[in-house]
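Here's a walk through the side-chain contacts, rings, empty spaces and backbone oddities of one protein. Have the coordinates open as you read.

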Amino acid sequence: MRMNGEELQLLNEAISDLEKGFSNLPDFESHVDMERLRPVLLEVAEKMRDNYPYFHPLYAGQMMKPPHPIARLAYMLALYVNPNNHALDGGRASSYMEKEAVAAIARMFGWETHMGHLCGGGTMANMEALWVAGALNPGKLVVASQQAHYTHERITHVLKIPYRSVPVDTTARMDLNALEDVLKHKDVGMVVATIGTTATGSVDPLGEILALKERYHFRVHADAAYGGYFILAENLSDETKKAYQHLEEVDSIAIDPHKHGLQPYGCGCILFKDPAIGKLYTHDSPYTYFSSGEMHLGEISLECSRPGASAVALWATQRLLPLKKGGELAEGLEEARKAALVLYERLSADTRFITAFPPELDILVYAPKAGSVSEISALSRKFFEKAADNNLHLALVTLPVSFFEASLEGVKRDEKTVTCLRSCLMKPEHLDWIKNIYRILVKTRKEL
Ligand SMILES: *Cc1c(COP(=O)(O)O)cnc(C)c1O
């Protein structure tokens with residue numbers, strides 16, 4: 001993970017190359033006092049030790065994936081200019097790169113035309129989709145599943161859009177009967193289908209939701225912030241694959257390049273299928289858009305100033321790793337899913353653990369087995385701490401007990417929810433480390 005000397009040398013070389021574009025300018029001195037910088041930077045280094053080792057394969061907890069070296073280098077290179085993708089005045093090259101990179105993501109979903117842009121992350125991306133839903137269907141309900149990201153409920157509250165969550169089935173996917181029940185009785189403006197839930201990586205039945213759209217007429221937004229890139233993976237179950245095949249038909253998609261797209265944080269993306277959505281964003285700012293008659297990204301996004309460096313990093317990453325099936329990025333996703341499946345098989349065959357349904361993507365939830373659900377929850381919390389002492393870093397999540405139905409034989413159900421362990425096995429190295437991870441899980445179980 002460390003930036004090696006060769007990477008820094010390449011960065012230096014690229015900076016010299018970039019400087020050539022400005023060589024006609026008169027020289028000016030900008031003094032950097034290294035003597036004063038040094039102690040501060042070293043103090044920062046010491047402070048930053050207070051983190052989990054997100055870059056290491058033994059970090060198998062939250063959705064953390066280190067950026068690709070090309071993304072880090074391109075980002076740092078772009079900081080030489082520090083462009084602002086709000087407007088072409090603030091960053092010409094990086095704005096063009098953003099348009100190209102976003103169009104490539106749209107094509108990954110099968111869209112030859114679209115309206116879209118980068119943004120701070122999945123929250124902002126979803127917010128724009130919710131805002132559009134409210135603008136096109138004022139007063140109508142937005143519906144998502146109980147396992148949808150909590151941001152939908154919170155942001156609809158901010159936007160004053162009525163919101164309703166519907167139950168999920170025992171595989172954490174939206175319950176279609178429950179959805180239809182709401183559709184029959186309420187005026188629904190948009191249904192949010194989560195394509196890869198944050199807790200368990202479950203994929204809502206998109207084909208069936210779209211079939212209901214035919215009958216009840218509502219917009220469909222796919223929250224694919226986490227799971228979107230898995231459209232490139234060829235080792236998904238048939239059922240999951242089917243949902244991905246329908247992504248082309250939705251009205252909008254949120255996807256986070258900073259989750260599975262190998263980008264530093266601050267890179268989300270919102271896509272609308274209908275380019276005409278752009279006109280909802282119109283405003284008549286007197287000052288930002290002087291430099292050209294061309295479309296500025298600021299005219300089609302709610303955020304104003306945005307890091308052009310994010311677009312540069314994403315463009316460079318997609319240049320190196322094109323978004324195509326069978327490519328290196330796709331292989332990495334397939335390995336992540338395989339890692340989750342391999343660990344699932346080991347843990348579900350081991351009577352010392354309980355597991356939920358098989359993972360659809362690369363997130364696995366499991367827990368140490370005990371006599372009752374409340375004991376399992378207490379043991380999971382202890383397990384989380386003990387595993388960390390053994391250098392294995394996991395995450396905790398509280399889920400409905402029904403997700404674990406198949407492995408709860410003889411367990412007293414004294415609670416409706418259970419706190420369990422959660423591992424996002426999203427790094428390319430995870431597959432090779434599964435044996436090791438399993439060994440530490442077993443060791444930790446014995447120590448409880
Ligand atoms: C992560 C996530 C979000 C929120 O995205 P941020 O980038 O954290 O703002 C929304 N929806 C889903 C499904 C997510 O996984």
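A search of the whole structure, which is a predicted model, turns up 13 salt bridges. Three of them are set out below, with the gap between the closest N and O atoms.

| Acid | Base | Closest N and O atoms |
|---|---|---|
| Asp-17 | Lys-20 | 3.1 Å |
| Glu-208 | Lys-242 | 3.8 Å |
| Asp-251 | Lys-213 | 2.9 Å |

What does the bridge between Glu-208 and Lys-242 tie together? Glu-208 sits in helix 8 (residues 206-216) and Lys-242 in helix 9 (residues 238-245), so the pair links parts that are 34 residues apart in sequence. As for solvent, Glu-208 is partly exposed at 33% relative accessible area, and Lys-242 is partly exposed too, at 42%.

Helix 8 shows up again in the bridge from Lys-213 to Asp-251, whose closest N and O atoms are 2.9 Å apart. Lys-213 belongs to helix 8, while Asp-251 is in the loop between helix 9 and strand 6 (252-255), so this pair ties together parts that are 38 residues apart in sequence. Is Asp-251 buried or exposed? With 18% relative accessibility, Asp-251 counts as buried, because the cut-off for buried is under 20%. There's also a network: Arg-173, Glu-239 and Glu-360 are joined into one by salt bridges that share partners.

Back at the other end of the numbering, Asp-17 pairs with Lys-20 at 3.1 Å, and Lys-20 counts as exposed at 58% relative accessibility. Asp-17 falls within the range of helix 1 (residues 5-19). That helix has 15 residues and spans 21 Å from its first C-alpha to its last, close to the 21 Å expected at 1.5 Å a residue. What happens at the start of helix 1? There, a side-chain oxygen of Asn-4 comes within 3.1 Å of the backbone nitrogen of Glu-6.

On to the rings. The structure has seven aromatic pairs. One of them joins Tyr-52 and Tyr-59: the ring centres are 6.1 Å apart and the planes sit at 40°, so the pair counts as tilted. The two partners see solvent quite unlike each other, since Tyr-52 is partly exposed with a relative accessible area of 39%, whereas Tyr-59 is buried at 3%. Tyr-52 and Tyr-59 also belong to a cluster, linked by ring pairs, that includes Tyr-54.

Tyr-226 and Phe-230 make another tilted aromatic pair, 6.3 Å centre to centre with 55° between the planes. Both Tyr-226 and Phe-230 are buried.

Now the empty space. How much of it lies in the second largest pocket? About 560 Å³. Its lining is made of 21 residues, and those nearest the pocket centre are Ala-74, Leu-77, Ala-78, Met-97 and Val-312. Several helices contribute to this lining: helix 1, helix 3 (69-78), helix 4 (92-108) and helix 11 (308-320) each supply at least two residues. Which of these gives the most? Helix 3 does, with five residues.

The model also has one cavity of 30 Å³ or more. The largest cavity has a volume of about 50 Å³. Its lining residues are Thr-200, Tyr-344, Ala-356, Phe-357, Pro-358, Pro-359, Ile-363, Leu-364 and Val-365. Strand 9 (residues 363-368) accounts for the largest share of that lining, three residues.

Finally, two backbone oddities to check in your viewer. Asn-82 has a positive phi of about 50° despite not being a glycine. Where is Asn-82? In the loop between helix 3 and helix 4, and its relative accessible area of 54% makes Asn-82 exposed. His-217 is also not a glycine, yet has a positive phi of about 55°. His-217 lies in the loop between helix 8 and strand 5 (219-223) and is exposed, at 59% relative accessible area.

Terms used:
Residues are numbered from 1 along each chain as its sequence is written. This is a predicted model: local features need pLDDT of at least 70, side-chain atom pairs count only at pLDDT 80 or more; totals for chains, interfaces and linings use all residues. Side-chain values use heavy atoms; hydrogens and water are left out. A salt bridge is a side-chain nitrogen of Lys or Arg within 4 Å of a carboxyl oxygen of Asp or Glu. Buried means under 20% relative accessible area, exposed over 50%, partly exposed in between (1.4 Å probe, protein chains only). Helices (H or I, at least four residues) and strands (E, at least two) are DSSP runs, numbered from the N terminus. The expected span of a helix is 1.5 Å times one less than its number of residues. A polar contact is a pair of N or O atoms within 3.5 Å; within protein, one must be able to donate a hydrogen and the other to accept it, and residues adjacent in sequence count only if both atoms are side-chain atoms. Rings of Phe, Tyr and Trp (its six-membered ring) pair if their centres lie within 6.5 Å; planes under 30 degrees apart count as stacked, over 60 as edge-to-face and the rest as tilted. On a 1 Å grid over the protein atoms alone, a cavity is a set of points where a 1.4 Å probe fits but cannot get out, and a pocket is an open set with protein on both sides within 12 Å along at least five of seven lines; lining residues have an atom within 4 Å of a point. Grid points are joined across faces, edges and corners, and a volume is the space filled by probe spheres set on the points.
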